[in-house]
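Me: I want to learn how to read helix packing and backbone angles in a model. Can you take me through it step by step?

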Amino acid sequence: ALRIPNLEVRRIYQQFIDGYFQDDLKVDHVGVLLKALKNDDFDTFQHYLQELVLATLCFYDTAKHPEAVYHSFLLGLLANLHGAYDTVSNPESGFGRADILMVPKREGLTGKIIELKSIAPDDDAQLALDSALAQIENKAYETRLTQAGVPPENIRKLAIVVQGKNVSVKQGQM
C-alpha cells in the first residue's frame, strides 16, 4: 500500500496534480512517459520526465533532500503502472537495497531496476550515472527479479541522476 509519508511530499504531489490543469502541461505527458518506460524507450522517458520535473517541481522542494523528493515523485508516477508491474520502493535485493524495482506481472514485460543519485551542480552527471549502474551490478540488485522468474535478458538496469531540476537517464548493459 502506498501512502504519502509527510507534508513536504504531500505538497509536491499537490503541485504535481495542480500541474495537470495548467495550459503548459498536457495530461498525455504522463501517459507518454509511462509508455516509454514500459517499452524500454529511455530517451523518450528522460525527455518527458525532464518536462514533468520542470513543470511541476519547485527548486525549493528539491533543495534539502533531492533524492528522496525525486524518489517519491517517481513512485507516484509509477503507481499508474500497477496493472502491469508490482513497483517496490527500497526492496532488499542481492547485497543491498535497490531504490526501485519494477516486477512485471505478466510475461513479455521487462523487469526494471532503478537507481537514483542526487549530485551537486558542479558534479559530473555521466560519472554519477556510471556509478549508479555500477552499484546495481556490484550489489546484484537483479536477484529479486530473477527469483521472481524474470529472465536475466529481460531485466533493464536504469540510472537516474538529478542535479537540481536537471534529470539524466542511462541504461546499463543487458
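**Helix packing and two loop residues**

Reply: This is a predicted model. Start with helix H3 (residues 42-56) and helix H4 (residues 66-78): their axes come within 12 Å and cross at roughly 115°.

Me: What describes two packed helices?

Reply: The angle between the axes and the distance between them. Here, the angle falls in the range from 65 to 115 degrees, so H3 and H4 are roughly perpendicular to each other.

Me: Is the crossing of H3 and H4 left-handed or right-handed?

Reply: The H3 and H4 crossing is right-handed.

Me: Which residues meet between H3 and H4?

Reply: H3 brings Phe45, Leu49, Leu52, Val53 and Thr56. From H4 come Tyr70, Phe73, Leu74 and Leu77. By class, the residues of this contact are eight nonpolar, one polar and no charged.

Me: Now the backbone. What sign does phi have in most residues other than glycine?

Reply: Negative. Asp40 has a positive phi, near 60°. Ala140 has a positive phi too, near 55°.

Me: Where is Asp40, and where is Ala140?

Reply: Asp40 is in the loop between helix H2 (28-38) and H3. Ala140 is in the loop between helix H5 (125-138) and helix H6 (143-147).

Me: Why does Asp40 count as partly exposed, and why does Ala140 count as buried?

Reply: Buried means under 20% relative accessible area. Ala140 has 12%, so Ala140 is buried. Asp40 has 21% relative accessibility, so Asp40 counts as partly exposed.

Definitions and conventions:
Residues are numbered from 1 along each chain as its sequence is written. This is a predicted model: local features need pLDDT of at least 70, side-chain atom pairs count only at pLDDT 80 or more; totals for chains, interfaces and linings use all residues. Side-chain values use heavy atoms; hydrogens and water are left out. Axes are lines fitted to C-alpha atoms, for helices over the stretch in contact, and angles run from 0 to 180 degrees between N-to-C directions. Helices (H or I, at least four residues) and strands (E, at least two) are DSSP runs, numbered from the N terminus. Angles under 35 degrees count as roughly parallel, over 145 as roughly antiparallel, 65 to 115 as roughly perpendicular and the rest as oblique. A crossing is left-handed if the near helix is turned anticlockwise from the far one by less than a right angle, and right-handed if clockwise. Contact means heavy atoms within 4.5 Å. Ala, Val, Leu, Ile, Met, Phe, Trp, Tyr, Cys and Pro count as nonpolar, Asp, Glu, Lys and Arg as charged, and the others, Gly among them, as polar. Buried means under 20% relative accessible area, exposed over 50%, partly exposed in between (1.4 Å probe, protein chains only).
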